[in-house]
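Biologist: I am new to this structure and would like to begin with a single part. Could you take a close look at one with me, and explain your terms along the way?

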Amino acid sequence: MAKVSIHIAGQTKEMEVAEGANLLLEAASRSIPIPFKCTTGRCGTCRVRVIEGSSQCSDYTEPELHHLNETDLASGRRLACQTFIHGDVAIEIP
Ligand code: FES
């Protein structure tokens with residue numbers, strides 16, 4: 001199991017997820033509101049920022065590299081629907 005801390009609107013929510021779990025689906029199943037539309041990497045809506053544990057996340061996918069610029073990548077931006085969790089991480093929802 002991996003621990004995910006999600007910082008949103010001045011609050012921190014915690015969830016435990018299985019190795020390899022999808023960030024967006026896990027958050028949505030717990031009513032943690034990451035905005036999304038497509039869930040397939042096409043819309044670019046589900047932007048989050050990984051503030052701790054980026055090495056515990058899956059590699060960037062092609063859709064992410066399409067939607068995120070160099071500044072986004074340098075600041076830890078990810079598309080939640082394209083991010084799979086492999087260890088403890090902290091995420092910020094802008
Ligand atoms: S929900 Fe559309 S890119 Fe993630």
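Modeller: Gladly! One term first: contact means heavy atoms within 4.5 Å. The model is predicted, so local features need pLDDT of at least 70 and side-chain atom pairs count only at pLDDT 80 or more, while totals for chains, interfaces and linings use all residues. Residues are numbered from 1 along each chain as its sequence is written, and side-chain values use heavy atoms, leaving out hydrogens and water.

Let us start from Thr-12, which is found in strand β2 (strands, E, at least two residues, and helices, H or I, at least four, are DSSP runs numbered from the N terminus). Setting aside neighbours within four places in sequence, Thr-12 is in contact with Ser-5, Ile-6 and His-7. With His-7 there is also a polar contact between the two side chains, at 3.1 Å (a pair of N or O atoms within 3.5 Å; within protein, one must be able to donate a hydrogen and the other to accept it, and residues adjacent in sequence count only if both atoms are side-chain atoms). Thr-12 is partly exposed, because its relative accessible area is 43% (buried means under 20%, exposed over 50%, partly exposed in between, with a 1.4 Å probe and protein chains only).

Now look at the strands around Thr-12. Strand β1, residues 2-8, and strand β2, residues 11-17, run antiparallel and are joined by seven bridges (two strands pair if DSSP finds at least two bridges between them). In this pairing, Ala-2 stands opposite Val-17 of β2. The hairpin of β1 and β2 has two residues between its strands. Ala-9 lies in that loop. Although Ala-9 is not a glycine, its phi is positive, about 50 degrees. Is Ala-9 buried or exposed? With a relative accessible area of 76%, Ala-9 is exposed.

Strand β1 also pairs with β7, residues 89-92; these two run parallel and share four bridges. Here Ile-6, which we met as a contact of Thr-12, stands opposite Ile-91 in β7.

We can now place the hairpin in its sheet. Five strands make up an open sheet with mixed pairing, and their order is β2-β1-β7-β4-β5. Since β2 and β5 (77-79) stand at the edges with a single partner strand each, one side of each is left without a neighbour in the sheet. To give a feeling for distance, the C-alpha atoms of Thr-12 and Arg-78 are separated by 19 Å, and these residues are 66 places apart along the chain.

Ala-9 can be set beside Ser-31, a residue in the loop between α1 (23-29) and β4 (47-52). Ser-31 is not a glycine either, and has a positive phi of about 60 degrees. Its relative accessibility is 65%, so Ser-31 counts as exposed.

Finally, compare the surroundings of Thr-12 with those of a residue in a helix. His-67 lies in helix α2, residues 62-67. Not counting residues up to four places away in sequence, His-67 touches Gly-41, Arg-42, Cys-43, Gly-44, Arg-47, Asp-72 and Leu-79. For Arg-42, the backbone oxygen lies 2.9 Å from a polar atom of the His-67 side chain.
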